[in-house]
Amino acid sequence: MKSVMIMYDQAFQEKIVDLLTRSNCRGFSCFPQIQGRGSKTGEPHFGTHAWPSMCSAILTVVEDEKVDGLLEKLHAMDKETEMLGLRAFVWNVEKTI
Amino acid sequence: MSLYEGSVKKPIMTSLVFVAIMIVGLFSFSKLPIDLVPDIESNMIMVMTYYPGAASEDIENNVTRPIENTLNSVEHLKHLTSTSSEGTSVVTLEFEFGYDIDVLTNNVRDKLDMVSSALPDACQKPYIFKFSADMIPIVMLSATASESQAALYKILDENVGNPLARIDGVGTVSIAGAPKREINVYMDPNKMEAYHVSVEAVSQAIASENMNVSAGSFDIGSNTYTLRIEGEFDSPAEMNNIIVAHAANGAAVYLRDVARIVDSLEERTQKSFTNGQQGAMIIVQKQSGANSVQIANKIHAELPKLQKQLPPDVKLGIIVDTSDNIKNTINSLTETICYAMLFVVLVVFVFLGRWRATVIIAITIPMSLIASFIYLYATGGSLNMISLSCLSIAIGNVVDDAIVVLENVTTHIERGSDPKQAAIHGTNEVAISVIASTLTMIAVFFPLTMVSGMTGVLFKQLGWMMCVIMTVSTVNALSFTPMICAQMLKLQKKPSKIFLTFYKPIQNFLDKLDAAYARMLNAAVRHRWAVLSSVIILAVVVGGLSFPFIESEYFPTNDNGRIGATIELPMGTRVEKAEEIAKRLTDSWNKKYPGMIKVINYRVGQAGSGNSFASMSSSGPHIISFNMSLVQSNERDKGLIAICDEMRDEVSKMPEIAKYEVLAGGQQGGMGGQNAAEFEIYGYDLNQTDQIAKALADSMRNNPSFVQVKISRSDYEPRYQVEFDREKLALHGLNLSTAATYVRNRIYGATATRFREDGEEYDVKVHYEPMQRISVEDIENMMIYTPTGAGVRVKDLGVVKEGFTLPTIERKDRQRMVSVTGTMADGIALSKGVKIGQQYINNMELPANVTVQVAGSYEDQMDAAKDMSTLFILIVILVFIVMAAQFESMTYPFIIILAIPFALVGILALLALTGTNLNIMSGMGAIMLAGIVVKNGIVLIDYTQLMRERGMGYIQSAVRAGRSRLRPVLMTTLTTILGMIPMAVGTGVGAEMWRPLGISVIGGLSVGTLMTLIYVPVMFCIFGSSTIRRTRKKLRTQRELNEYYLAHKDKMVRDRVNKKIED
C-alpha cells in the first residue's frame, strides 16, 4: 500500500475525483482550500488579492500496482494545463488498521 | 455554497429565475403608462374670494392682506402671491416640491377658517382651488360645419362632448366657438314705460308661469291619484300670452305687447376658426393623475365612431394632441436606446474577439434593464424621458460587471480550467471588486433619491432606477453570467479562418495600441512631475478658456411643435375687425411656412359663461387666441423657436395690434417652454413701480436678445361706468346694488327661467332690444323703479362717464409687485438675458423703497444649481468613502477622485465647443460622471496594487498594469460613450431635451478617461516614491538609533544601576 498526496489548483477537483473513481481508488481524503506555492515556476495559490487562486489536496492510499498508472494519468492531466499546477507525491504506508 | 457556485451547479433554476424576472418585467412594461416627464404633483393652491363691488385697493386691504397674513404661516410655503382685482382676490400659495398636496390643502383650509370671520360681511367665503398641470388641455378637437352651424353646440354636446366625457380619465370637455341656443325676450323700453312694466317684473312673471307643480295625492273611492299642475311652456311662443301687468284702466298687458320673443343663439359668443373655416372647438382636459397618452389613444379610437353619428356637414379634426409629442419623443428615445445597445455589443465584440462572449453580454444587458420596469410598475412610475435616459445611461454600465466576470472566467479557461470550475473560481476571485464597483455606482445614485425640490422630482426616479438596475446587474453578474459562461464558453483551440481574416486586423491594432501606451506610460512615469504639472496646466487652461463661453439655462426648450399666441387689438375694437386680422395672419403664416403647419385654429370674441376652458384665459371682442400645431420637429426645416421669433417680428410690425404674446410650446418657462428672464419689481407705490417696469421693459424691448417683453400689470383700460349718487339713491329708497342690478338686467339680461325641450334646458333671457342699448343716452334713459313703484331714470340718479379700469394689484410674499418678463431669442441663454436685465436695473435710479429681484425660471435654475452642487459634493464624499473602504487606503481614493475635476473640464470644453447651455440635463450628466469616471481609476489602481503585491517595483507595476488594463478601461469607457452618442447627436423628436445630457457625459468621460490613463499611473509612482523615501528615512533613523544604543548600551546600563544603588 502506498499513499499518494495530490496537490492541485482547485479547478482540478472534479477531474481528479473522477480519475480516482475510474482508477478504482475508492478511498481518499480531501483538504479543500489550502494555500501553497510551487518550487520552480508554480504560481502562488494564496487566496489573496494578488494571488486569488487556491489549492486543494487529496490524500489517497492505493495498492502498489495502481500507483504508476495513477501518476501517469495525473502527469498527463498536468501537462495538458500546465498553468494551473498539479503535483503528486508518493510515500509508503507502514501500517493500517 | 456561494451564490455563483449554486448558480453554476443549477443552471435550470438560475436561468428560469431570470426568465421569470424577464416575464414579469415585460408584463410590467406592457402596463407602463407613457409620459414626457415623471408625474409631478402640483404644488400650487389658490384661494379665491369674491367681494362684489369692491375696488382693487379695498380688496387688497380688506381681503387679500388678512388672508395672506394668516396663510403665510402654512408649512413648506415657498412663495405667496396674490392678485387683487375688482371684486376678486386670488391668493396663490406655491409650496416646496415633494409634499403631499392634500395635507397642505387641509392646513390651508384650517387657517382659512380662522380668517373668514375677520373678512368684511359682504365678502363671500373664500374657496380653495387646486391648480395643477392637469388643467392644461390634452386634446383639442375642431368641428367644422356649414348648414349645421346654428345647432352645432347641441350636436357636439350630445354626440361628441358626452361620449368623450365618459372615457375613463377625461375630466371636463368644453365646447368653444359654438353658440348655445337661448330664448331672448327683447323688451321695448318705450312700451315698457308706457305700460309701466320693468324687466324684473317680466322676468318674474315668466318664471312663475313656467312651472310644473305636484299638488299631492287624493283618494277617489278605493283608488289614490296624484294631482299635478303642468304649466311649463311647450314652445317659446306660448310666452307671448303671459300677462305681465295690468294697465291703469285695468286692461291686461300681455308679454307680446311689450316684448319680442326670439328663439335664437347667445348674443355674445366666441367664434372659432380652424384652418380658416368656422366651426367649434372641443377641449378635453384630463382628470388629475390620469395619463395623457392613454386618454388620447382612447379619444383617437373613439373619433371615427363619433364622426359617424354626426350630420354629414360636421367634420371632426384634431387641432392639438399633446400625446403626439410625448409618443414621438418616447419613440425616438427608444430608438436611441436600441442603437446604444447595438454599439455596446459591437464594442464588446471588437475588444473580446469572441462571439460566444459577445452573445453572453448581449443577453445580460436587457435582463437588468427589463428588471427596472418591475420597479417602475410597482411604484406607479411611467416610461418617460428621465426613466428612458436612465436606461440609456445604464446600458454602458450594466455590461461592466458582466465583462469583469466574463474576462476572468475566460482567463481561467485559457489556463486550462474546466468551464464549470473556471466559472465558479473565476467569479469568486472578482466578486468583491464587482460588488465594490456597484457600491461606487450606488454611492452616486442613491443620494439622488434624497434631493428635494423640482430637481428631486426629476432625479428621484432616476436614482432609484439606477440603484435597482445596478443591483440586478450585480446579482446577474454573480449568478446568471457564471452559469451561462459555464454553459457556453469553452477553450478556443483553433479559431476559424473567416474569423481570423476578419478579426486579425483588429487584434493587431489593439496589440499595437497596448504597446504604444506602455511605451508612453514608461516615459511618463519617469518624468512624473513634468507630466503631472503639464496635465494640470492643460486642464486649467482648457477649463478657463471654455468657461466664459458657457451660458446657463434651467431646462432645454422642447420643440413640441405647438404655438400659442394671444393678440390683443386696442380695447373696444369690434369683433369683426379682430376676425379680419386673424384671417390675414393665418393666410400669411400658411404662405410663409408651407408644409410646416398642420393646423391653425383661432378664437375671437367674448366667451360665454359655462365654458370652463375659456374662463381660464382672457377673452374679449378685441382678443384673438391662436392655437397652432406644427408637423413634428424632424420633418421641418425650421425650429419652433425660430418660427415663433419670426411670427413675433411680423406681428410687432402691424400697427393695429396693441399687444401680443407668442408662446413656443403653448407655455412659458418651466420645463420645456421657451426660456424667459423674469424681473420682479417690489414697491408699494403703483405709479413708481409702473414707471420702473415700463422703463425696464422699454430697454429690454430695444435689445435684440429679447423677442417679447411683457409687464404683468395690465394697462389702465378705458371703459364706461355709471356713477350713482348715493344721496339721490337713498332719497328714492334705492341702494347701489338694486340700482346696479337694474342696469345689468337691461344690458346683460336677467335669466328668467329655463325652457325645457327634449330633455335639454335653455336659458330664457329678458333684456332690452339690442338696438335700444347702443349709446350712452340709452343707458342714461333707463328706467329704474323705486320700492313705491315710481320710475326714475338713471341720469337722475347719477352720471354715465368714461373712465379707466383700475389695475390689478399683484403681491408676492406680502409685498406689492409687478413683474417684467422677457422671452429670450433663439439661441440666447437665460443667464445672458438675466445679465442684460440686471445691467439695465443697475443703471436705473431706483427709489429707496423699490427693490428688483430676478425670479421665474432663473430662480428655479439657481435653486436647482444649489441642490445639484450639494448633491455633487455629497456624492464625491460617498464615492471616496466606498473607495477608501475597498482599498483600505486614503491615498488611492485621493488619486482616483482627481479624475472628477478632469471630467468637469471635459464637460465644460465639449459644452463650449458645441455651444450647448449648462442646464439641469447637463448637470445630471455631470453628477452621474462622478461615479462612472472613477471606475476607470479603480480598475487601474487595483491592478497596479496587485502587481505591487506580486512583488514588482512601483514603476514596473504602473507600466505593466497600464498595459494590461488599457483594454478593459477603453472597453467600459467606449461602451458608455457609444451608448450616449445616439443621445448626443440624435435628431429625433425631443432630441434637444437630452442632447445636453449626452454631450456632457461624452465630454466628461472621454477627457476624464484619457487623463486617468495618464495621471493615475504617474500619481501612483509619485506617491510610491515618496513612500519609499519615507520608509528609507524611517529605517535609517531606526538603524542609527539602534547603532547608538548598541554602542552605548553598556554605559547606559551601568549608569542606571549606579543611580539605583545611590538611591
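Let me start in chain B, where strand β16, residues 562–568, runs antiparallel to β18 and is joined to it by seven bridges. One pair to look at is B:Gly564, whose bridge partner in β18(B) is B:Asn627. Please keep in mind that this is a predicted model.

Strand β18(B) has another partner. Strand β17 of chain B, residues 597–605, is also antiparallel to β18(B), with eight bridges between them. Here B:Arg603 is paired with B:Ser625 of β18(B). How many of the eleven residues of β18(B) are buried? Ten are, so to speak of this strand, residues 620–630, as mostly covered is fair.

Staying in chain B, I move to a single residue, B:Ile841. It is located in helix α25, which spans residues 830–843 of chain B. Is B:Ile841 buried or exposed? The cut-off for buried is 20 or more other C-beta atoms within 10 Å. B:Ile841 has 20 such atoms within 10 Å, and therefore it is buried. If we leave aside neighbours within four places in sequence, its contacts are B:Phe679, B:Leu696 and B:Val852. For a sense of distance, take B:Asp234, which is 607 residues from B:Ile841 along the chain: the two C-alpha atoms are 68 Å apart.

Now to chain A. Four strands form an open sheet there, in the order β2-β3-β1-β4, and the pairing is antiparallel. Why do β2 (29–34) and β4 (86–92) of chain A each have one side without a neighbour in the sheet? They stand at the edges and have a single partner strand each, so one side is left free of a neighbour in the sheet. On average, neighbouring strands of this sheet are turned by 15° against each other, direction ignored.

Inside the sheet, β1 of chain A, residues 2–9, is joined by eight bridges to β3 of chain A, residues 55–62, and the two run antiparallel. In that pairing, A:Tyr8 is opposite A:Ser56 of β3(A). Packed on the sheet is helix α2 of chain A, residues 64–80, which touches β1, β3 and β4 of chain A. The direction of this helix makes about 165° with that of β4(A).

Last, the place where the chains meet. The contact involves 13 residues of chain A and twelve of chain B. On the chain B side, the elements giving two or more residues are α13 (419–445) and α29 (920–949). The largest share, four residues, is from α13(B). By class, this side of chain B has five charged, five polar and two nonpolar residues.

Notes
Residues numbered from 1 in each chain as written. Chains lettered and ligands numbered in written order. Predicted model: local features only at pLDDT ≥ 70, side-chain atom pairs only at ≥ 80, totals over all residues. Pairing = 2+ DSSP bridges. Axes fitted to C-alpha atoms, helices over the stretch in contact; angles between N-to-C directions. Contact = placed C-beta atoms within 7 Å. Buried ≥ 20, exposed ≤ 12 C-beta atoms within 10 Å, placed from the backbone. Nonpolar A, V, L, I, M, F, W, Y, C, P; charged D, E, K, R; others polar.
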